[in-house]
Amino acid sequence: MQLTSVAPYREEPNQPLTFYCTGNDKTIKEFSGTGSEFALKKRYENQAGMSQVALMHKRKAIFVGLDETQKPGSIQVLRYPFEKTYEVQAHALPVSRMRISYDNSTLFSVSSDGTFCVFNI
C-alpha cells in the first residue's frame, strides 16, 4: 500500500494523537497512540480510490478527495465514524490537496487539472 495523505487529530492536548491515512488501497485508516507506539483503531473501506483527507475540528466531518477514473475530483463528506453523507463533483482530475480553514468555515481544494475550489461548510 502507498499512502497518499495523512491528517493528524488530537481531541485534547493530553489525549493520544490520532492519524487518518488514505492510500491506494481504497481505505481510510485511523491510527492512535503515543510516542512511537501507534495501533490501527478503525478502517473505512470505500468503493473509490482516495487521494486526500481533511478533518474538521472535533471530527464534525471528514472530507475525502477521490482519485478514481469514474469520478476523478469528487469530494466525499463523511460523518465520524465514516458514514458517507454527501458527495460533490468538484474537479475534472484527482484532488491533489485539501485544507480546512482554522475556524472550520471553509474547505479549500486543488486538483491536477489546475482548478482551485472554495466551499463554505
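This passage describes the largest pocket and a three-stranded sheet in a predicted model.

We can begin with the empty space. Rolling a probe the size of a water molecule over the atoms shows where such space is left. In this model, the largest pocket holds about 260 Å³. Its lining is made up of 15 residues, and those closest to the pocket centre are Ala 7, Pro 8, Ala 54, Leu 55 and Ile 100. Three elements each give two or more residues to this lining, namely β1 (3–9), β5 (50–55) and β9 (95–100). Among the elements, β1 gives the most, with four residues. Sorted by class, the lining of the largest pocket comprises eleven nonpolar residues, three polar residues and one charged residue.

Strand β9, met above as a contributor to the pocket lining, also belongs to a sheet. Strands of a sheet pair through backbone hydrogen bonds, either parallel or antiparallel. Here the sheet is open and consists of three strands in the order β9-β10-β11, with antiparallel pairing. Its edges are formed by β9 and β11 (116–120), each of which pairs on one side only. With direction ignored, neighbouring strands of this sheet are turned by 15 degrees against each other on average.

A closer look at one pair of strands rounds off the picture. Strand β9 and strand β10, the latter spanning residues 106–111, are joined in the antiparallel sense over five bridges. Within this part of the sheet, Met 98 has Ser 109 of β10 as its bridge partner. Thus β9 is an edge strand of the open sheet and also gives at least two residues to the lining of the largest pocket.

Terms used: Residues numbered from 1 in each chain as written. Predicted model: local features only at pLDDT ≥ 70, side-chain atom pairs only at ≥ 80, totals over all residues. Heavy atoms only, no water. 1 Å grid on protein atoms, 1.4 Å probe; cavity = no way out; pocket = protein on both sides within 12 Å on 5 of 7 lines; lining within 4 Å. Points joined across faces, edges and corners; volume = space filled by probe spheres on them. Nonpolar A, V, L, I, M, F, W, Y, C, P; charged D, E, K, R; others polar. Pairing = 2+ DSSP bridges. Axes fitted to C-alpha atoms, helices over the stretch in contact; angles between N-to-C directions.
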